[in-house]
Amino acid sequence: MVPASDKPNWPKRAVVTAGMPYGNKPLHFGHIAGVFVPADCYARFLRDRIGPENVRFISGTDCFGSPINEGYRKLVEAGEFDGTIAEYVEENHETQKRTLDAYNISLSIYEGSGMGHSGEVHQQISEAFIEKLYENGYLRKRATLQFYDPEAETFLNGRQVVGRCPVQGCKSEHAYADECDLGHQYAPEDLIAPKSSVTGVTPEMRPVENWYFDLPAFAGFLRARTAELEADPEVRPVVYNTVKEFLAPPVVYIKNEAYDEYLALAETLPVHSYREAGKGKQSFEIEFATIDERDEAREILARANIRFRMGKTLTPFRITGNIEWGVKAPVLEGIEGLTVWCWPESLWAPMSFTMAVNDKMGMPRGSWRDFWCSEDAEVYQFIGQDNLYFYGVAQPALFEAIRPGDILQPGIAEHPLRQTNLIANYHILFGDKKASSSGAVKPPTADELLDYYTPEQLRAHFLALGLDQKSVGFKPKPFEQDEKKRDDPRVADPVLKEGALLTNVFNRLARSCFYEAQKHFGGYMPLGSVSDDVVKKVHEVLNAYDHTMHRAELHAIMSIMDEFIRWSNKYWTEHIREVEQAAAASGATDAVHCESASEFDSHPDGTVGGASSADAVYAMRRQVLVDCFFLLRVAALLMHPVVPAGTEKICDYLSFEFDEFFSWNYDFEDNAELCSAGEITEGRHRIRELPPRTDFFEKHPSQFK
């Protein structure tokens with residue numbers, strides 16, 4: 001047994017989130033590889049570790065947002081869709097759901113922020129959340145400039161304006177109204193060279209009133225929280241390093257050649273400090289004490305036609321917008337007709353989905369707090385690095401801002417929201433480039449990959465890539481751009497590396513145990529004491545696996561399991577060879593010698609009838625099976641989060657109940673832990689007959705060439 005003091009501290013209840021794909025398209029492989037498969041692996045592990053009833057795995061289609069409006073508009077204009085925008089989103093939602101099912105993503109709920117019961121709950125919680133922010137004094141009404149297309153005579157949503165990112169150091173050429181494709185935030189009026197995607201004209205800027213969250217007020221809180229994250233060895237550096245970028249003071253960068261123009265009006269700017277350009281830098285910096293002073297300076301510089309870029313810093317976080325398709329915002333101070341910007345409502349959407357799934361389970365409405373507010377619960381949010389501004393900066397401040405009180409039932413005991421655990425992955429590249437559906441080389445969709453690989457091969461490969469460490473290229477051979485490499489049988493497919501562990505090594509271990517039991521033990525799995533070296537190995541692996549999962553280092557989980565499955569298979573090969581050599585030397589037959597193993601228990605030397613050679617061989621064979629069925633059971637348990645279908649097939653043929661077999665609530669000393677008292681007395685457990693050449697982990701039909 002692993003000493004209790006050495007075990008990770010797991011919560012009693014947990015929520016795992018997998019983000020919310022926009023409802024404007026099917027899922028691409030980046031959604032599956034970078035978020036859904038890692039989140040599913042973790043959720044499945046937690047179900048095995050703390051009980052399935054204590055885990056909620058949450059996701060859903062983001063029904064709102066400018067990408068959806070723009071995608072819908074383009075299809076309607078092209079005559080490719082004639083339904084409503086709600087029907088457009090629902091069609092994409094159903095497509096996404098089918099893809100998730102194909103990859104065995106075991107979500108507790110996958111609905112939508114504007115669909116059915118989940119949509120109703122989400123509308124309620126959005127109103128309550130915003131009203132609580134207002135009540136606590138953290139919402140500010142601001143008249144801001146918004147893009148207006150004079151030719152189309154309409155305000156433009158975020159994705160209907162394209163230009164270049166104004167954030168210093170960003171090279172993105174795909175920037176929208178207030179956010180670029182790399183996740184940088186800025187004021188709409190700072191967008192460089194804006195164009196309307198509706199008509200192609202340069203849009204005008206017209207003032208509109210909206211509500212903004214006072215994010216700069218939480219600078220001290222965010223700095224303290226970031227320091228705690230940085231001190232925690234289990235938090236990925238990409239999380240706190242990205243958050244720290246936004247905690248810098250308000251800075252404006254001005255090209256060196258504009259220094260004289262700046263100097264001429266420097267005294268008209270709010271109080272600031274000047275820093276000359278560093279060696280090799282093309283811009284000098286002017287730093288301000290507050291965001292309001294920086295914005296005042298920005299207006300002065302713009303009027304003087306001095307080009308500048310903004311540094312990353314905390315800016316007011318937009319809560320509402322002016323597009324019709326969205327969650328309806330509550331009426332505050334008489335301002336009507338606003339909708340909630342998709343990003344803030346997507347941050348509290350997992351709470352809405354938790355409430356919705358608990359409702360479906362017949363649990364009390366307030367039970368969602370057991371998962372989001374209780375000190376013995378944790379929320380694990382799997383996200384891509386591009387979204388760290390929202391989840392690592394805006395979300396913690398929003399959650400802190402609604403304390404004290406409950407966002408749905410004011411007046412009851414305080415239930416502050418707990419901050420979440422952010423598990424951020426780097427980019428998964430297609431080949432050596434960032435995957436983009438709008439790029440010259442189109443990456444495969446998640447569905448297209450299933451024409452060449454099984455879901456289990458892909459799941460294992462995606463987890464082994466190590467996206468928690470760095471951006472990694474996904475290089476499926478069938479999609480290789482170089483035709484010679486694609487057709488050359490000598491060039492290995494990197495996607496199949498982990499698949500080989502499944503289809504070759506793991507299959508061999510499982511089949512060997514079953515066929516040996518059928519041939520020599522009448523279709524029973526023998527029970528008994530497991531060899532000390534096997535028990536020691538299993539506990540070492542369980543300990544390493546448990547700690548590695550606590551750090552959510554899923555690529556390391558694959559390394560641990562690769563070594564363990566190969567060790568187990570080698571153990572089988574070496575020890576069964578010794579048995580066969582002993583059988584050959586003694587002339588023992590392959591016949592079954594005992595209907596029951598119980599008679600062996602009365603002989604200390606492990607033989608029957610006074611040490612017959614045949615019985616000695618039988619005892620050796622029996623011990624090998626006791627050991628290897630135990631190794632198979634542990635390997636299946638630990639690989640269950642990675643490849644659920646194959647491991648559940650192993651469990652099925654072993655004739656155990658899933659909830660019992662896939663559980664950590666055992667001492668892991670032998671397989672008798674899973675058996676009835678009668679089976680333990682008899683010393684054997686009936687297993688299902690495995691037909692010849694049965695695979696627990698199959699190759700894709702396209703791979704048989």
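## A pair of residues to start from

Let's begin with one small spot: Val16 sits opposite Tyr380, which belongs to strand β16. Keep in mind that you're looking at a predicted model.

Zoom out a little, and you'll see strand β1 (residues 13-17) paired with strand β16 (residues 377-384). The two run in the parallel sense, and five bridges link them.

## The sheet around them

Which strands make up the open sheet, and in what order? There are five, arranged β3-β2-β1-β16-β17, with parallel pairing. At the edges you'll find β3 (109-112) and β17 (421-425). Each has just a single partner strand, so one side of each is left with no neighbour in the sheet.

The sheet isn't flat-out aligned either: on average, neighbouring strands are turned by 20° against each other, ignoring direction.

## Two helices that pack

Now for helix α9 (residues 342-360) and helix α11 (residues 388-401): they pack at an angle of about 70°, and their axes are 10 Å apart. Angles from 65 to 115 degrees count as roughly perpendicular, and α9 and α11 are therefore roughly perpendicular to each other.

Who's touching whom? On the α9 side it's Trp343, Leu347 and Met351, while α11 brings Phe390, Tyr391, Ala394, Gln395, Leu398 and Phe399. Sorted by class, that contact has eight nonpolar residues, one polar and no charged ones.

## The whole chain

Stepping right back, the protein chain holds 21 helices and 22 strands. Its C-alpha atoms fill a box of roughly 105 × 65 × 55 Å along the principal axes.

How much of the chain is buried? Of its 705 residues, 55% count as buried. The accessible surface comes to about 30,300 Å², and carbon and sulfur atoms own 49% of that.

Note on methods:
Residues numbered from 1 in each chain as written. Predicted model: local features only at pLDDT ≥ 70, side-chain atom pairs only at ≥ 80, totals over all residues. Heavy atoms only, no water. Axes fitted to C-alpha atoms, helices over the stretch in contact; angles between N-to-C directions. Helix = DSSP H or I, 4+ residues; strand = E, 2+ residues; numbered from the N terminus. Parallel < 35°, antiparallel > 145°, perpendicular 65-115°, else oblique. Contact = heavy atoms within 4.5 Å. Nonpolar A, V, L, I, M, F, W, Y, C, P; charged D, E, K, R; others polar. Pairing = 2+ DSSP bridges. Buried < 20%, exposed > 50% of the residue type's maximum accessible area, 1.4 Å probe, protein only. Areas by Shrake-Rupley, 256 points an atom, 1.4 Å probe, with all protein chains shown as cover.
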